[in-house]
Amino acid sequence: MLNRNFNVVLIEDNIIWGDKNANIEQLKRNLRKMPHGVDLVVLPELFTTGFITGDKEQAAELAERNTGDTISTLHQLASEYQVAMCGSFLAATAGQLFNRAFFIEPNGDDTFYDKRHLFAFGGEDKVYHHGHTQAHIVRFRGMNIKLAVCYDLRFPVFLRNVRNCYDVLVVVANWPESRQHVWRNLLMARAIENECYVCGVNRAGTDGYGTYYGHCSSFICDFKGKVIAERDELSPIVPASLSPASLEQFREKFPAWRDADPFTLL
């Protein structure tokens with residue numbers, strides 16, 4: 001476990017619909033404004049395109065491989081700022097489309113996870129293919145970090161923290177304003193039941209279908225479900241300092257994880 005705090009920045013911004021270059025430039029502007037000493041930068045779901053589900057042809061035109069411009073640029077930015085970066089992007093592999101989460105480290109290592117729970121209510125399953133693996137856990141600078149994408153949040157078994165295998169759950173999303181009450185409560189519940197920090201980053205504004213996401217819905221809560229940092233009106237950047245020592249002490253003082261039911265996720 002780290003002997004110092006682990007510093008995280010969430011970036012909640014209004015994704016410019018279908019314009020990858022404009023969204024990358026927006027990211028660069030935000031990175032220049034973030035505080036020093038950041039370890040991890042978290043971006044919304046499909047941060048370069050928006051949540052495109054109604055037009056498979058448009059999605060296919062915007063999709064990229066893992067070696068495309070978006071991931072290559074993120075590698076450059078991670079190296080320049082010496083931070084890890086995670087979020088999701090519109091990916092293409094073997095002619096199939098995926099809502100693909102990424103975790104990119106400053107040394108060039110990267111990890112990918114294809115969203116497993118597609119939002120059929122919104123037509124996501126008509127455009128994208130399901131991921132077939134569990135969400136990955138990445139160890140970075142002494143912290144174990146688990147990735148999840150939006151609708152994954154509703155499925156607690158999928159995110160179960162078996163014997164404290166992760167310390168931070170990162171959920172990247174395009175979660176509409178009409179369901180913000182659910183978003184907040186599910187994030188807090190995942191923190192409490194898994195005895196971990198939870199970082200939930202949402203997009204802001206209105207997408208190309210007219211769906212409104214509001215603003216100031218991204219936040220970080222601790223292992224008791226208490227909000228320790230959230231987006232305000234002034235800036236899309238949400239900084240927070242996570243204490244590995246406090247997390248470890250709480251897990252020792254209140255070891256509910258020891259009484260959890262064993263199971264295997266197929």
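How much space lies in the largest pocket? Here are some notes to help you find your way around; keep in mind that this is a predicted model.

1. **The largest pocket.** About 250 Å³ of space lies in the largest pocket. Its lining is made up of 17 residues, and those nearest the centre are Phe51, Phe119, Asn174, Pro176 and Arg179. If you sort the lining of this largest pocket by chemistry, you get nine nonpolar residues, four polar ones and four charged ones.

2. **The second largest pocket.** Next, look at the second largest pocket, which holds about 210 Å³ of space. Here 16 residues form the lining, with Asn161, Val162, Arg163, Trp257 and Ala260 nearest the centre. The lining of the second largest pocket divides into seven nonpolar, three polar and six charged residues.

3. **A cavity inside.** The model has one cavity of 30 Å³ or more, and about 100 Å³ of space lies in it. Among the residues that line this cavity are Ile11, Asp13, Asn14, Leu43, Pro44 and Phe47. Which helix gives the largest share of the lining? That is helix α1 (residues 20–33), which supplies four residues. By type, the cavity lining has six nonpolar residues, four polar and one charged.

4. **Helix α3 and its two sides.** Helix α3 covers residues 69–81, which makes 13 residues. From first C-alpha to last, α3 reaches 18 Å, close to the 18 Å expected at 1.5 Å a residue. Its buried residues are Thr70, Ile71, Thr73, Leu74, Leu77 and Ala78. Why do they share a side of the helix? They cover an arc of only 155° around the axis, so they lie on the same side of α3. Turn to the face pointing away from that buried side and you will find the exposed residues Asp69, Gln76 and Glu80.

5. **What lies over α3, and what follows.** The buried residues of α3 are covered by elements that include α1, β3 (84–93), β4 (96–104) and β5 (110–114). Just after the helix, have a look at the backbone of glutamine 82, where phi is positive, at about 55°.

6. **Glutamine 180.** This residue is found in helix α4 (residues 180–194). Is glutamine 180 buried or exposed? With a relative accessible area of 13%, it falls under the 20% cut-off, and therefore glutamine 180 counts as buried. Setting aside neighbours within four places in sequence, glutamine 180 is in contact with Trp175, Asn202, Tyr213 and Ser217. Take tyrosine 213 from that list: it is 33 residues from glutamine 180 in sequence, and the two C-alpha atoms are 8.5 Å apart in space.

7. **Helix α5 and its two sides.** You can read helix α5 (residues 244–253) in the way you read α3. The buried residues here are Pro244, Leu247, Phe250 and Arg251. Because they cover an arc of only 130° around the axis, they sit on the same side of α5. The face turned away from this buried side carries Gln249, Glu252 and Lys253, which are exposed.

8. **What lies over α5.** Which elements are included in the cover of the buried residues of α5? The list includes four strands by name, β1 (6–11), β7 (143–149), β9 (197–201) and β12 (237–242), along with helix α4. Helix α4 is where you met glutamine 180.

Key. Residues numbered from 1 in each chain as written. Predicted model: local features only at pLDDT ≥ 70, side-chain atom pairs only at ≥ 80, totals over all residues. Heavy atoms only, no water. 1 Å grid on protein atoms, 1.4 Å probe; cavity = no way out; pocket = protein on both sides within 12 Å on 5 of 7 lines; lining within 4 Å. Points joined across faces, edges and corners; volume = space filled by probe spheres on them. Nonpolar A, V, L, I, M, F, W, Y, C, P; charged D, E, K, R; others polar. Expected span 1.5 Å × (residues − 1). Buried < 20%, exposed > 50% of the residue type's maximum accessible area, 1.4 Å probe, protein only. Arc of directions from axis to C-beta. Contact = heavy atoms within 4.5 Å.
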